Each structure stands twice: as C-alpha cells, then as structure tokens.
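Reader: I have a model open and would like to go through it with you. Can we start with how the chains meet?

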Amino acid sequence: MTNPRNKMLVAPLGTILLIVLATVVFLRPKIAEITTQRESIAKSSKNLVQLTAKVASLEGLDQGGLIEKNDWLMKVVPAEKDVPYFIVTLKNMVKNYDLALTDLAIDSVEMSSGSAKVAVQKKEVISPLSFKISIEGKLSGIKDYLRDVATSLPLMSVDSLELETLGLQDSDTVKASLVLKFYSIYLPEVLGNVDRPISVITKDEERAYESLTAYQMINQSVTELPMFQSGKPNPFTPQ
Amino acid sequence: MRREINLLGEERERKLKLTRQFRKLQIASLIVLGAYCLVVMVVVGYNYSLGVQLKNLNNSISARKMRITELKKVELQQLLLKQRLSALEDYLNKPAYPYTQVIENLEEDAQGTIVLDRFVFDGKGSVTFTGKAPDAVRLSDFLGGLLGENKSETVFSEIKLAGLSRNINGNYQFSTEIVTSDKSKK
C-alpha cells in the first residue's frame, strides 16, 4: 500500500465489495420475500373477497325458513330408507282410496345399508326402495290411486303394474299387483368447507320446490303401524 | 528583489492532484454507498409495509372464517336444501308413466263390448293385456281404435296382436301388446 494509487482504490473497491456482499446476503432475499409477499397478498385479497361474499350470503339467509324447508323435504324424501314411514304411507294411501292392501313385500337387498353405500359411491343421490304390493278394490279407486301416486308425498312412483279384472266396469273388483318405489336421499358426506363458496339455490330448484308444495302429503295424520303376530301367542296376555 | 526557485513544484502539484482525486473518489464512494443504503431502506420499508398488509389481511380472513364457522348451521341447512332440490329437480323433470291414461284409453276403445281382463305394465312402456270380444267385427273395431282410426292422436306407438283364438260359442279371446308413445319413466 505504499503506492498512493493503490491507496486511492481502497475506498471505491471497498464500497463495491460492500454493495455486492450486502446485495447477495441481504437485499436479494428481501426482494424475493417481497415477491412472495405480493403473491400472498394477491391470493389473500382474493380469498378475503370470497369469504366476505360468503359471510354476506350466509347472513342474508333465513335460517328459520331453511330449517322449515329442510324439515318438510325430509318428509318428502327421507334421509334413509325409512321402512315404517313408507309402510304407514302405503296404508294411509290405500285407505284414502277405499282399497284393501292384501299383500306387501320389501326388497331386502335394496333395504340393506350395504346397497345404500353403493348408491352413494355411484353418486346416485336418490336411492329407491321397492315395495311389492297387492291391492284390491273398484277400478275407479285403483285408477285414482295410480293417478295420485305421481303427485303424492313422500315421493313415490309405480315401477310396474299388473291388473286383473273380470271386466272394466266400476262395479267389478280389480286386483292390482304393483311395484311401488319410495325414494330417499342420503345426507352429504362432506359438509361446509369454509373456503368453498356457498351453494346457491337456482331458479329451477326453487321451481321444483314450489311444484312439490302442490303435491298431496299422505301422512298428515299419524297412523299406527300394522301389527304382525309372530311365534306362539303369549298365554299370559290379558284378553 | 528576492527571487525564489521552487525545485519541488512539479512533484507537489502531482501530489496535490492525487490527493484531490483521492478525496473525490472517497466522496463518490460515500455517495454511492449512501444511495445504496437508501435503496436498501426503501426495500426494507416496502417489505415491512407488505408484511403489515399481509398480517392485516390474514387477520381479516381469520375473522371471516370465524364468522363462517359461527354460521355453520345456516350453511349446513343451505347445503342440505341444495342437495335435495337439485336431486328432486332431476327427478321431477322425468315424466311419470301415464298408467291411468292408458287404462282409460283402452276402456274408451273397448266401448263396453270388449271385456278386458288382465293388464301387465312392464314398467318400460310396454303393456300386455288379454280380453274377450263377442265377434271379429268388434275386435277389429277395437284394434282399429287402438291404432288411432277416427282419432286425432293416440298414446300408443306400436300395437302387436300376440294371440287370438275363437271359442265354440263364437267369442274371440285375444292377447295384445302395445307400446306407449312416451317411454320416459321415473
């Protein structure tokens, strides 16, 4: 360092070295952090907008009204294969049309919870349960019954039908053997992810609800389930 | 008058020039260093402000999420309603099979002269029925009626006479299979 020219270069060279070193060690990571933070801010801002919209939508919903609608829809399509409820419906409906229920059989495979699981896996939301029934009565009663099945609640449909009669006169007794399907909708397995936007009820779905309200609810009055005796009668039962 | 002779003038000038250059370089280095520090400060400041902004955003997000959790029951009800209505909408869009209409059409075509005694609806749009006709003319009138003769429209798209036999007393026993126009069914 005896050469004054070399002494002169110490300051600028030191400055450059300091700048390079500080840039590599400090400034560059900071700039990278800024980039990451900017990306995070953009993402968070978007998320916040969505969440704010969701909160606004949820606050705008009428919880009482929703509970009322869901309770009613649970009667229209139960959450599980509610066999007693379906049997009561069958009994009430047959009674309403002055018909006699002479036979009733349920598909045990469809009734099992195993088939229910398969239905969920296949994403078939509506799962049917078939009842094979036989009814007897006047033809006019059976015709009314068949007509009203399509517009009665809980939701049901006639899958196949066999009619036996001596003639198509109203006075004749007609025997109808039919497969009646009742439907159930399982509760969703995954509920309410916070980040997911709220499911909006479409106009078509609202129309579906409105059209269902025009249907006739069969189980307005509570009817007792039919009692079947099995095994030997209890001798100690008071007569 | 005294006359001075500066023997070191040239050397001194050179040294002075070098010192001036050295100072200039030092000042320039300091200015550059100062500017760099300023840039660093701006970067650090901006980074800090972004950090604060992100923290505020995350706080707001947490608050919203908490509110959504509070409103979970409402969301659950809405989700249930949506699931049920979308499934029911699909179901309701499928028309129900017109059992009563088919029976009434057959009843109308029978006109009280044909006795229909057994119907089998297979659930896929096909109906098989058996009956008795007093004579061949009435039977052909009945089948013509099913085919849509003297009618603007008919619900049956295909009619097949599956079996026909004549009794000793002249009555006809027949079996017919018909397919309704609208095969769509729930």
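Reader: How many residues does each chain, A and B, put into the contact?

Author: This is a predicted model. In it, chain A puts 67 residues into the contact and chain B puts in 65 residues.

Reader: Which element of chain B gives the most to that side?

Author: That is α1(B), with 27 residues. The elements of chain B that give two or more residues there are α1 (9-70), α2 (72-93), α3 (99-110) and β1 (115-121).

Reader: And by class, what is on the side of chain B that touches chain A?

Author: There are 36 nonpolar, 15 polar and 14 charged residues on that side.

Reader: OK, helices. At what angle do α2(A) and α2(B) cross?

Author: Their axes cross at roughly 40 degrees and come within 9 Å. The two helices are therefore oblique to each other. The crossing of α2(A) past α2(B) is left-handed.

Reader: Which residues meet there, between α2(A) and α2(B)?

Author: From α2(A), the residues are Gln63(A), Leu66(A), Ile67(A), Lys69(A), Asn70(A) and Leu73(A). They meet Lys73(B), Val74(B), Gln77(B), Gln78(B), Leu80(B), Leu81(B) and Arg84(B) of α2(B). By class, this contact of α2(A) with α2(B) has six nonpolar, four polar and three charged residues.

Reader: Lys69(A) caught my eye. Is it buried or exposed?

Author: Lys69(A) counts as buried because 20 other C-beta atoms lie within 10 Å, and the cut-off for buried is 20 or more. Lys69(A) sits in helix α2 of chain A, residues 63-76.

Reader: What is Lys69(A) in contact with, leaving aside its neighbours within four places in sequence?

Author: Tyr209(A) and Leu81(B). Tyr209(A) is 140 residues from Lys69(A) along the chain, with 8.9 Å between their C-alpha atoms.

Reader: Changing topic to the sheet. What is its strand order?

Author: The order is β1(A)-β2(A)-β5(A)-β4(A)-β1(B)-β2(B)-β4(B)-β3(B), in an open sheet of eight strands with antiparallel pairing. Its edge strands are β1 (100-106) of chain A and β3 (156-166) of chain B, and each pairs on one side only. From one strand to the next, the twist averages 20 degrees.

Reader: How many bridges join β4 of chain A to β1(B)?

Author: Four bridges join them, and the strands run antiparallel. Strand β4 of chain A covers residues 156-164. Opposite Glu162(A) stands Val120(B), in β1(B).

Reader: And how many between β1(B) and β2 of chain B?

Author: Six bridges, again with the strands antiparallel. Phe121(B) has Val127(B), in β2(B), as its bridge partner.

Reader: Which strands do helices α3 and α6 of chain A go with?

Author: Helix α3 (residues 83-96) packs on the sheet and touches β1, β2 and β5 of chain A. The direction of α3 makes about 30 degrees with that of β2(A). Helix α6 (residues 139-149) lies across β2, β4 and β5 of chain A, at about 165 degrees to β2(A).

Reader: Last one: how many helices and strands are in chain A?

Author: Seven helices and six strands. Along the sequence, the pattern is α-α-α-β-α-α-β-α-β-β-β-α-β. Chain A has 239 residues, and 22% of them count as buried. Of the contacts in chain A between residues at least 6 apart in sequence, 79% join residues at least 24 apart.

Methods
Residues are numbered from 1 along each chain as its sequence is written. Chains are lettered from A and ligands numbered from 1 in the order in which they are written. This is a predicted model: local features need pLDDT of at least 70, side-chain atom pairs count only at pLDDT 80 or more; totals for chains, interfaces and linings use all residues. A residue is buried if 20 or more other C-beta atoms lie within 10 Å of its own, exposed if 12 or fewer, and partly exposed in between; C-beta atoms are placed from the backbone. Two residues are in contact if their C-beta atoms, placed from the backbone, lie within 7 Å. Ala, Val, Leu, Ile, Met, Phe, Trp, Tyr, Cys and Pro count as nonpolar, Asp, Glu, Lys and Arg as charged, and the others, Gly among them, as polar. Two strands pair if DSSP finds at least two bridges between them. Axes are lines fitted to C-alpha atoms, for helices over the stretch in contact, and angles run from 0 to 180 degrees between N-to-C directions. Angles under 35 degrees count as roughly parallel, over 145 as roughly antiparallel, 65 to 115 as roughly perpendicular and the rest as oblique. A crossing is left-handed if the near helix is turned anticlockwise from the far one by less than a right angle, and right-handed if clockwise.
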